[in-house]
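Thanks for coming. I have one structure to go through today, so let me put it on the screen.

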Amino acid sequence: MKALVIGCGRVGSAVALELHRVGWEVTAVDENEAALSRLGDRWAGGFVVGHGMDLDVLGKAGIADADAVVVATDGDNTNLVIGQLAQKQFGIEATVVRVLDPARARLYSELGLWTISPTSTAITALTDAVQTFAEKAGAEA
Amino acid sequence: MYIVIAGGGQIGANLARSVHALGHEATLIEQRRGRFDRLEDEFEERIQLGDATEIHVLERAGLARPPDLVVAVTGDDEDNLIICQIAREHFGVGKVIARVNDPRNQHYFDLLGIMPTISATSIILAMIEHEVPEHGLVHLLELRQEELEIVEVQLDETSPSVGKRVDGLDLPPGSRLISVMRGGRASLAEGDTELRAGDQVLAVLERGKEDALRRVFLKS
């Protein structure tokens, strides 16, 4: 199975490494060549330098026969646009898009795009942590 | 009419001034603090500070009314796309206009159905092609929503249509000649107009008819 990871920052590189470890054939895309170093010296997957919206770059990275696409550049809007391309033009159902803004993440998930908002996850985890602490303190008092 | 303009650069600010002068109500959205400060004295309550791709910023600009028209003219194509999508899908805005900064991104606007789009680069390129002598077929205007385009064809001695009357041409269905420019003078294309080498012919045609029209006027 082939996966494309667009945006090879902290999140993208870790996703690429993990998918590769569990057996996926992974190609990472980043406009910055230095991002390749995040994948380590022994990276055996593919790496294409270029902007994730550039159709030539995506073609070179093999989007036409990808089974899954993870979009995690540092721009929410760039991610939403690339994600819609993968979904609508290439028909890749397993297209997952990182969107930091929870409001936009919710709206686009209503529109049928698979969005993940790390911000929402952090908000829930932090609130839960405080609540759990308060409950424990309350029980002890 | 109520219009929201996203992007307070040269294009956005001048657009806001112009539509206001025409008697329309317009709100401008600008995210750069420095630029906003300079424009605020002039636009007062008709400008909002913020990222126009954030839903709460759009709400502040009155998107919930909703406006009759949203114009996205920021310097970032992804932002312009997302602004138009949110305006349409979330706020139910009926009409949007988007600026395309990099013509290579036109594909995304077409794919996501964001139209009409305006690209200064594409317009200037068409003008340049129009100025080049013996330019073959040039796109002058694309009416995306109507799925029509207006093209200009320059005829030379090798053109298969030279010496023929307009009503004797085998024009593809879905195309029509508008005018013939000869020696610096334009006249409407009538059935009895005879075409000559050097003529510049304007034609209106449906999308996809271009190759057929090319075969009528240009040597293959």
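I will start with chain A, then go to chain B and to the contact of the two chains.

A word of caution before that: this is a predicted model.

Chain A, then. It has 5 helices and 6 strands. If you read along the sequence, the pattern is β-α-β-β-α-β-α-β-α-β-α. The C-alpha atoms of chain A fill a box of roughly 60 × 40 × 25 Å along the principal axes. The chain has 141 residues, and 38% of them count as buried. As for contacts with a separation of 6 or more in chain A, 44% are between residues 24 or more positions apart.

How are the strands of chain A ordered in the sheet? The order is β3-β2-β1-β4-β5-β6, in an open sheet of 6 strands with parallel pairing. The edges are β3, residues 46–49, and β6, residues 114–116, of chain A; each has a single partner strand, so one side of each is left without a neighbour in the sheet. On average, and ignoring direction, neighbouring strands of this sheet are turned by 20° against each other.

One pair in detail. β4 of chain A, residues 68–71, and β5 of chain A, residues 94–98, pair in the parallel sense over 4 bridges. In this pair A:V69 stands opposite A:T95 of β5(A).

Now the helices on that sheet. Helix α1 of chain A, residues 10–21, packs on the sheet and touches β1, β2, β4 and β5 of chain A. The direction of this helix makes about 165° with that of β2(A). Helix α3 of chain A, residues 76–88, also packs on the sheet, where it touches β1, β4 and β5 of chain A. Its direction makes about 175° with that of β5(A).

Let me stop at one residue in helix α1 of chain A, which is A:A14. Is A:A14 exposed, partly exposed or buried? It has 15 other C-beta atoms within 10 Å. Buried would take 20 or more, and exposed would take 12 or fewer, so A:A14 is partly exposed. A:L39 is 25 residues away from A:A14 along the chain, yet their C-alpha atoms are separated by 7.7 Å.

On to chain B. It is divided into domain 1, residues 2–118, and domain 2, residues 123–217. The centres of domain 1 and domain 2 of chain B, taken over C-alpha atoms, are 36 Å apart.

Helix α1 of chain B allows a simple check of length. At 1.5 Å a residue, its 12 residues should span 16 Å, and the end C-alpha atoms are 17 Å apart, which agrees. Which residues of α1(B) are buried? They are B:G12, B:A13, B:L15 and B:A16. These four cover an arc of only 160° around the axis, so they are on the same side of α1(B). The buried residues of α1(B) pack against β1, β2, α2 and β4 of chain B. On the face turned away from the buried side, α1(B) carries the exposed residues B:Q10, B:N14, B:S18 and B:A21. After α1(B) comes B:G23, with a positive phi near 95°.

Of the strands just named, β2(B) has 5 of its 6 residues buried, so it is largely enclosed by the rest of the structure. β1(B) and β2(B) pair in the parallel sense over 5 bridges, and B:A6 stands opposite B:I29 in β2(B).

Next, some backbone details. Most residues other than glycine have a negative phi, and most peptide bonds are trans. Here are some exceptions in chain B. The peptide bond from B:R65 to B:P66 is cis, with omega near -15°, and B:P66 lies in the loop between α3 and β4 of chain B. The bond from B:M115 to B:P116 is cis too, with omega near 0°; B:P116 is in the loop between α5 and β6 of chain B. B:E44, in the loop between α2 and β3 of chain B, has a positive phi near 50°. B:E44 is exposed, with 8 other C-beta atoms within 10 Å.

Last, the contact of the chains. It takes 15 residues from chain B and 16 residues from chain A. On the chain B side, α4 and α5 each supply at least two residues. α4(B) gives the most to that side, with 6 residues.

Conventions. Residues numbered from 1 in each chain as written. Chains lettered and ligands numbered in written order. Predicted model: local features only at pLDDT ≥ 70, side-chain atom pairs only at ≥ 80, totals over all residues. Pairing = 2+ DSSP bridges. Axes fitted to C-alpha atoms, helices over the stretch in contact; angles between N-to-C directions. Contact = placed C-beta atoms within 7 Å. Expected span 1.5 Å × (residues − 1). Arc of directions from axis to C-beta. Domains from an automatic or database assignment.
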